[in-house]
Amino acid sequence: MKRFFPRPAAAGFTLIELLVVLVILGLLAGLVGPQVMKYLGDSKSKTAKLQIEDMSAALDLYRLEVGRYPNNSEGLVALVEDPGNAPNWNGPYLRKKTLPKDPWGYEYQYRSPGQNGVFDLYSLGSDNAEGGDGEARDVASWE
């Protein structure tokens with residue numbers, strides 16, 4: 001003998017249930033999104049600081065071998081290419097043999113003698129202009 005069970009009603013979600021889920025997801029994105037963007041901005045500043053420290057160490061090695069830091073006309077290029085007037089140059093002094101750009105795609109600024117030390121090495125931040133707050137803040141070797 002065969003038993004018949006009644007068919008269950010069509011399973012699914014109502015429009016109200018879907019709208020509630022979408023509102024909850026929108027609220028979560030509104031709360032979490034700005035925090036994620038803040039961390040991304042901080043990570044670029046931290047990357048710039050690490051690159052500046054790495055290039056500062058390369059500049060110190062350059063000074064040990066050549067006897068002086070590169071002047072303003074030689075710039076940071078002296079770390080990867082022989083400037084021609086440095087008899088003990090034994091570079092390149094950077095591992096990748098190229099000058100890195102800052103995390104925002106701009107050139108690092110170099111000044112020797114520096115206003116804040118023997119040399120100044122810094123990034124102007126996301127706006128590529130002096131000063132600024134947040135992600136546009138300058139990142140420097142003397143900080």
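Q: Let's start with strand β2. Are its two faces covered or open, and which residues lie on each side?
A: Both faces of β2 are covered. Asp120 and Tyr122 lie on one side, Leu121 and Ser123 lie on the other, and all of these are buried. Please keep in mind that this is a predicted model.

Q: How do I decide whether a residue is buried, say Tyr122?
A: Look at its relative accessible area: under 20% is buried, over 50% is exposed, and anything in between is partly exposed. Tyr122 has 10% relative accessibility, so it counts as buried. Ser123 is buried too, with a relative accessible area of 0%.

Q: How do I read a sheet, and in what order do the strands come here?
A: Follow the strands from one edge to the other and ask how each pairs with its neighbour. Here, 3 strands form an open sheet in the order β1-β2-β3, with antiparallel pairing. The edges are β1 (109-111) and β3 (139-140), each of which pairs on one side only.

Q: How many bridges join β1 to β2?
A: There are 3 bridges between them, and the two strands run antiparallel. One example to find on the structure is Tyr110, whose bridge partner in β2 is Leu121.

Q: And on the other side, how many bridges link β2 and β3?
A: Strand β2, which covers residues 120-123, pairs with β3 over 2 bridges, again in the antiparallel sense. Ser123 has Val139 as its bridge partner in β3, while Tyr122 stands opposite Ala140 in that strand.

Q: What does Ser123 touch, apart from its neighbours within four places in sequence?
A: To answer that, look for parts of the chain that come together in space. Ser123 is in contact with Ile52, Asp102, Trp104, Tyr108, Asp138 and Val139, once neighbours within four places are left aside. One polar contact joins the side chain of Ser123 to the side chain of Asp102, at 2.8 Å.

Q: Now for the nonpolar core. Which residues in the largest one touch the most other members?
A: A core is read as a network, so we can ask who has the most partners in it. The largest nonpolar core has 22 residues, and those touching the most other members are Leu59, Tyr62, Leu76, Leu79 and Leu121. Helix α1 (residues 15-66) gives the most to this core, with 7 residues.

Q: Leu121 came up with the sheet as well. Which residues are in contact with Leu121?
A: Leaving aside neighbours within four places in sequence, its contacts include Ile52, Met55, Ser56 and Leu59. Tyr110, Val139 and Ala140 are also among the contacts of Leu121.

Q: How do I read aromatic pairs, and how many are there?
A: Check the distance between ring centres and the angle between ring planes. A search of the whole structure finds 5 such pairs. In one of them, Tyr62 and Tyr93 sit edge-to-face, 5.6 Å centre to centre with 75° between the planes. This pair links distant parts of the chain, with Tyr62 in helix α1 and Tyr93 in the loop between α1 and β1, 31 residues apart. Both Tyr62 and Tyr93 are buried.

Q: Why is the pair of Tyr122 and Trp142 called edge-to-face?
A: Planes over 60 degrees apart count as edge-to-face. The planes of Tyr122 and Trp142 are at 65°, with ring centres 5.7 Å apart, so this pair is edge-to-face. It also links distant parts of the chain: Tyr122 is in strand β2 and Trp142 is in the segment after β3, 20 residues apart. Trp142 has 36% relative accessibility, so it counts as partly exposed.

Q: Which residues form an aromatic cluster?
A: Tyr62, Trp89 and Tyr93 form one.

Q: Last topic: how many salt bridges are there?
A: Look for oppositely charged side chains whose N and O atoms come within the 4 Å cut-off. The count comes to 3. Asp120 and Arg111 meet in one of them, at 3.0 Å from N to O. Asp120 counts as buried because its relative accessibility is 0%, whereas Arg111, at 22%, counts as partly exposed.

Q: Where are the other salt bridges?
A: Arg68 forms one with Glu74, where the closest N and O atoms are 2.9 Å apart. Arg68 is partly exposed at 27% relative accessibility, and Glu74 is buried at 13%. Glu107 and Lys101 also meet through their side chains, at 2.5 Å from N to O. Glu107 is partly exposed at 43%, and Lys101 is partly exposed at 45%.

Methods:
Residues are numbered from 1 along each chain as its sequence is written. This is a predicted model: local features need pLDDT of at least 70, side-chain atom pairs count only at pLDDT 80 or more; totals for chains, interfaces and linings use all residues. Side-chain values use heavy atoms; hydrogens and water are left out. Two strands pair if DSSP finds at least two bridges between them. Helices (H or I, at least four residues) and strands (E, at least two) are DSSP runs, numbered from the N terminus. A nonpolar core is a set of buried Ala, Val, Leu, Ile, Met, Phe, Trp, Tyr and Cys residues joined through side-chain atoms within 4.5 Å. Buried means under 20% relative accessible area, exposed over 50%, partly exposed in between (1.4 Å probe, protein chains only). Contact means heavy atoms within 4.5 Å. Rings of Phe, Tyr and Trp (its six-membered ring) pair if their centres lie within 6.5 Å; planes under 30 degrees apart count as stacked, over 60 as edge-to-face and the rest as tilted. A polar contact is a pair of N or O atoms within 3.5 Å; within protein, one must be able to donate a hydrogen and the other to accept it, and residues adjacent in sequence count only if both atoms are side-chain atoms.
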